[in-house]
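User: Hello! I have just opened this structure, and I would like to learn how its descriptive labels are earned. Could you take me through some of them?

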Amino acid sequence: VRSFRPAVALLALLLLGGAACTDSEPSPVVETTTSVTAAASTSVATVTTVTRATGSSSTSTTVSAAQEIRITVAGSQVTGGGRHKVPRGATVRIIVTADVSDEVHLHGYDKKADVTPAAPATIELVANIPGVFEIELEKRAKQLAQLEVTG
Amino acid sequence: VTALLAHAISGRSDLPLPLPLFIYGAGFALVASFVALRALWGDPHLAAAADGRAAPKGLDAAVRVASVVLHVVGLLGFVVVLGAALFGAADSTRNIAPVAVYVVFWVGLQLLSALLGDVWRPLSPFETLGRALARWLPADDGPSHHWPAAAMLLGFAWLELAYHSPAQPRVVAAALVVYSAVLAIGLLRVGPRWLRMADGFGVLFSFISLIAPVFRGDDGRLRFRVPFSGLATLRPIPGTVAVIEVALGATAFDGTSRSAFWRNLTAGQTGWSRTATATVGLLAVTGAVVIAYELACSQITRFTSGPRRDGAPDRDDDATERFAHSLIPIALAYAIAHYFSAFVFEVQSAYALASDPFGRSWDLFGTAARTIDYSVISSAGIAYVQAGAIVVGHVAGVVIAHDRAVEDLPPKAAARSQYPLLAVMVAYTVAGLALLLGA
């Protein structure tokens, strides 16, 4: 005759653990950070993350902010790389200036824009899919930066 | 495209694990381990439970039909994927081969094996080939060790995690051709046992399938058993431990390579220089996982010199082999934590690509225009699955190792003997969660 005590006890523990986990609903992160990588501070161009306050017209808790992410590619040097954090629901404008001709691709959102030395690429989106997404030069398979949309 | 494969296809990765979930997860794993070890588990239960009970007779016919279907599906799928890899569009997002190999096959079959048992056995086109040619094949005189399987898995891990453009359809084609050649030539020269020894995927999937609540008994009939109990029936041969360690180490490196530390280290590296760095990283992380486990096992014997249970034989066999099965749920847990979300999202692109596998603008099933719906699971849901998998996997690992220890030691001595292994498992848990925390 097998004793079921261990199984029952473990099950109880698992349920308790599950309940504990449900209590710890991750709090929505409301951040508008300016990510400046170490490389950025020494380079020619600077990174600016402009936050335009969009007045809290309603009483809802959603924070909407229009954010601008500027990335400059000069040779192998990327300025404004790293990870850019935006809250979910924010309007984001990604502006990429490059000394080469390529296609800028924001994965996940699957948005593309052509860039040439003469004309920067601009991608505008409403960040409604949470996760971390790569921004890359498609033809060169070169990762420029990441967009983190907090859930 | 990045070196991280699951991401090479979609370019999306998960948000960092929220801190409270990390604390609960790690704390819970610790407490559960101690409770299970100290108080609740005085006798071995798993080996007895592993025998299970026969499924109702009616199910056997269904299993036979399903088996035939799987043979056909496996063969057809292999032909389509190989064809797409060789001759389809060169763009990895318009060719079904990369997503089929790295997501549907590699991740999907690990999950399926844990749920439904050894489904790769009927699916494998090489097993099918072996059965079709059975009467002309030589009697088995090939190797009886898993070293070829371990080498093959390490090769695949290198391709997926270290090589700089793993999702390139022609690269996938080269890998498939090498894999097929190794298996087919071995099959024809030394017999069907070669597949059980050299098919790294098949060997790993068969280990993971021991977790499943269903299996086929020696008579081929379907049986049910307590989930995880089948692991107690694993009989390691040389190389078995290496297969499990490679699976564990590869996923641990995948976690490492997503960390901010690694991103900074490899920033600006492309092509072969990236591959070189990642190769060193893969070997270093796998090495660390192996050393931690081997070290713990070498310490176990220090604690096991006390009196044994009546009739228990004196153990002089290798502790690394006796406890190897306890690492299998952990390897699966890492795989789920790292690839679950990619699986949920990328399977949708496989669904779309099934209508146009070669990138020729076909629409065979009317699904070609489908895009990935990222809202099928929330980011909080993903985080719970990740933390849950790691915690459940480690608790299962600790319980399974303890169950093995009480087979021939009194409970208290058994619990003492497990401290080194417990330390390693806690270290794995914390490292695993921390990697998700800092992603």
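Analyst: Happy to help; below we go through a few labels, each set against its cut-off. One thing to keep in mind is that this is a predicted model.

User: Let's start with chain A. What makes up its secondary structure?

Analyst: Chain A has 2 helices and 10 strands. Following the sequence, the order is α-α-β-β-β-β-β-β-β-β-β-β.

User: How much of chain A is buried, and what does it expose?

Analyst: Of its 151 residues, 40% count as buried, a label given to residues under 20% relative accessible area. Chain A exposes about 7,800 Å², and 57% of that area is supplied by carbon and sulfur atoms. As for contacts between residues at least 6 apart in sequence, 56% join residues at least 24 apart.

User: Why is A:Asp110 called exposed?

Analyst: The cut-off for exposed is over 50% relative accessible area. A:Asp110 has 52% relative accessibility, so A:Asp110 counts as exposed. You will find A:Asp110 in the loop between strand E6 (102-106) and strand E7 (111-115) of chain A.

User: What is the phi of A:Asp110?

Analyst: Phi is positive there, about 50°, although A:Asp110 is not a glycine.

User: Which residue of chain B has a positive phi near 60°, and where is that residue found?

Analyst: That is B:Ser361, again a residue other than glycine. B:Ser361 is found in the loop between helix H16 (328-353) and H17 of chain B.

User: How do you know whether B:Ser361 is buried or exposed?

Analyst: We use the cut-off of over 50% for exposed. The relative accessible area of B:Ser361 is 68%, so B:Ser361 is exposed.

User: And B:His402, is that residue buried or exposed, and why?

Analyst: Buried means under 20% relative accessible area. B:His402 has 2% relative accessibility and therefore counts as buried. B:His402 lies in helix H17 (residues 379-405) of chain B. Leaving out residues up to four places away in sequence, B:His402 touches B:Ala36, B:Leu37, B:Trp41, B:Ala415 and B:Gln418.

User: Now for helix pairs. Why are H4(B) and H5(B) called oblique to each other?

Analyst: The axes of helix H4 (residues 57-87) and helix H5 (residues 96-116) of chain B come within 8 Å and cross at roughly 130°. Angles over 145 degrees count as roughly antiparallel, and 65 to 115 as roughly perpendicular. An angle of roughly 130° belongs to neither class, so H4(B) and H5(B) are oblique to each other. H4(B) passes H5(B) in a left-handed crossing.

User: Which residues meet there, and what kinds are they?

Analyst: From H4(B), B:Val81, B:Ala84 and B:Ala85 meet B:Ile96, B:Ala97, B:Ala100 and B:Val101 of H5(B). The residues of this contact divide into 7 nonpolar, no polar and no charged.

User: What makes H5(B) and H9(B) oblique?

Analyst: The axes of H5(B) and helix H9 (residues 169-190) of chain B come within 8 Å and cross at roughly 55°. Under 35 degrees would count as roughly parallel, and 65 to 115 as roughly perpendicular. Roughly 55° lies in neither range, so H5(B) and H9(B) are oblique to each other. H5(B) passes H9(B) in a left-handed crossing. The contact is made by B:Ala97, B:Pro98, B:Val101 and B:Tyr102 of H5(B) and B:Pro169, B:Val172 and B:Leu176 of H9(B). These residues divide into 7 nonpolar, no polar and no charged.

Note on methods: Residues are numbered from 1 along each chain as its sequence is written. Chains are lettered from A and ligands numbered from 1 in the order in which they are written. This is a predicted model: local features need pLDDT of at least 70, side-chain atom pairs count only at pLDDT 80 or more; totals for chains, interfaces and linings use all residues. Side-chain values use heavy atoms; hydrogens and water are left out. Axes are lines fitted to C-alpha atoms, for helices over the stretch in contact, and angles run from 0 to 180 degrees between N-to-C directions. Helices (H or I, at least four residues) and strands (E, at least two) are DSSP runs, numbered from the N terminus. A crossing is left-handed if the near helix is turned anticlockwise from the far one by less than a right angle, and right-handed if clockwise. Contact means heavy atoms within 4.5 Å. Ala, Val, Leu, Ile, Met, Phe, Trp, Tyr, Cys and Pro count as nonpolar, Asp, Glu, Lys and Arg as charged, and the others, Gly among them, as polar. Buried means under 20% relative accessible area, exposed over 50%, partly exposed in between (1.4 Å probe, protein chains only). Accessible areas come from the Shrake-Rupley method with a 1.4 Å probe; for residues, only the protein chains shown count as cover.
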